[in-house]
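This report introduces a protein model to a reader who has not met it before. It considers aromatic rings, charged side chains, one helix and a few individual residues in turn.

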Amino acid sequence: MKQTSIIITFLLSLLLTACVNKQADGKVVTVTIKPQRYFAGKIAGDKFKINCVVPAGQSPETYDPTPRQMIQVGSSLAYLQIGYIGFEQAWMDKIRENNPKLKFFDTSEGMNLLTDTEEDGHDHDHDHDAHAGEEHHHHHHGGVDPHIWSSISGARVIAKNTLDAFIALDPDNTDYFRQNYNLLVGEIDQTEAEIKRLLDSLTDRTFIIYHPALTYFANEFHLTQLCIEMDGKEPSPAQLKQLVETARTHNARVVFIQQEFDRKNAELIAKETGCKLTVINPLDYHWAKEMIHITKALADGQTH
């Protein structure tokens, strides 16, 4: 009996040692949001573990990391930034200061960034091209809209920059990363084709959204985005009234609400305009699935 106990203890010790060694040998790369984790995971495969800072259901505009998360960031080999999101604007300098050996990559590099070109971002009486660039949030650096992942062009830029980052971190596996990247690009292409198919017959191309997370998407597919949130704040009654009138003028059919924001004003506007209220999550890990979900909601709104 004693010998059996010794053997079991020895085996457990070997198992624990193996687990510890495996964890120690694992290479970790940190990203800010779930869609980034999706792209990074597709390209990295089994060569890196992807750590994501902002949890599901939390806004990356205002999220503050826990001490444990900061430790996880510090144990990473690199940080892949999304670009101009509020979390990174608030925390990246401190992360750099506390982790001088951490390598940083900006996955928005090369993207045609949209900025706030209007002195007053509340004026909704513009065509879709003006609308796509005018929305503003008080956390955005220099008025830059950070939501590049909510578009096909943004997905391609993020994917290419992510590929370059992994090749720089692990050049021995360049071919492996390129193969995975090509598969991801194929998925992005399929997603684009499906979006175009769904939007092909769409005549009413205006939608309402609480937080302006679909600016790049709207710009890319010639849609008009009307936002409930005004400069990161709840709209006044007068602003709500103006939005309702504009939505009626543009024949908006859908109101989008994100899970991390209050539904009250979105429900009120949907009731006043007769729009269909749809919950979306542009921060969903399953990027392609969510992009199709958003597009289908617009297509379904046509018959609502």
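The structure, which is a predicted model, holds 11 aromatic pairs. Ring pairs join Tyr38, Phe39, Tyr285 and Trp287 into a cluster. A pair of aromatic rings is described by the distance of the centres and the angle of the planes.

Aromatic rings also meet charged side chains. Lys27 lies over the face of Phe48, 4.7 Å from the ring centre. Lys47 is placed over the face of Tyr176, at 4.9 Å from the ring centre. Both lysines return below as partners in salt bridges.

**Salt bridges**

Side chains of opposite charge can pair when their charged atoms come close. A search of the whole structure finds 11 salt bridges, including the three in the table.

| Residues | N to O distance |
|---|---|
| Asp170 and Lys27 | 3.0 Å |
| Asp46 and Lys47 | 3.9 Å |
| Arg263 and Glu267 | 3.0 Å |

The salt bridge between Asp170 and Lys27 can be placed in the chain as follows. Asp170 belongs to the loop between H6 and helix H7 (174–199), and Lys27 to the loop between helix H1 (2–25) and strand E1 (28–31), so the pair ties together parts that are 143 residues apart in sequence. Asp170 counts as buried because its relative accessibility is 7%, under the 20% limit. Lys27, at 31% relative accessibility, counts as partly exposed.

In the salt bridge of Asp46 with Lys47, Asp46 is exposed, with a relative accessible area of 63%, whereas Lys47 is partly exposed at 29% relative accessibility. Arg263 and Glu267 form another salt bridge; Arg263 is partly exposed at 36% relative accessibility, and Glu267 is partly exposed with a relative accessible area of 38%. In addition, a network of salt bridges links Arg156, Asp189, Glu192 and Lys196.

**A buried aspartate**

Asp145 is found in the loop between helix H5 (128–134) and helix H6 (152–169). Asp145 is buried yet has no salt bridge. The nearest side chain of opposite charge, Arg156, is 18 Å away from Asp145, and a salt bridge requires the nitrogen and the carboxyl oxygen to be within 4 Å. The side chain of Asp145 does, however, make a polar contact of 2.8 Å with the side chain of His147.

**The two sides of helix H10**

Helix H10 spans residues 264–273, and its buried residues are Asn265, Ala266, Ile269, Ala270 and Thr273. These residues cover an arc of only 135° around the axis, which puts them on the same side of H10. An α-helix has 3.6 residues a turn, so residues three or four places apart point the same way. On the other side of H10, Lys264 and Lys271 are exposed.

**Positive phi angles**

Most residues other than glycine have a negative phi. His222 is a residue other than glycine with a positive phi, near 55°. His222 lies in the loop between helix H8 (215–220) and strand E6 (224–227) and counts as partly exposed at 49% relative accessibility. Asn251, although not a glycine, has a positive phi of about 55°. Asn251 is located in the loop between helix H9 (237–249) and strand E7 (254–258), and at 32% relative accessibility Asn251 counts as partly exposed.

Definitions and conventions. Residues numbered from 1 in each chain as written. Predicted model: local features only at pLDDT ≥ 70, side-chain atom pairs only at ≥ 80, totals over all residues. Heavy atoms only, no water. Helix = DSSP H or I, 4+ residues; strand = E, 2+ residues; numbered from the N terminus. Buried < 20%, exposed > 50% of the residue type's maximum accessible area, 1.4 Å probe, protein only. Lys, Arg positive; Asp, Glu negative; His and termini not counted. Polar contact = N/O pair within 3.5 Å; in protein donor to acceptor, adjacent residues only side chain to side chain. Phe/Tyr/Trp six-rings, centres within 6.5 Å; stacked < 30°, edge-to-face > 60°. Lys NZ or Arg CZ within 6 Å of the ring centre and 35° of its normal. Arc of directions from axis to C-beta.
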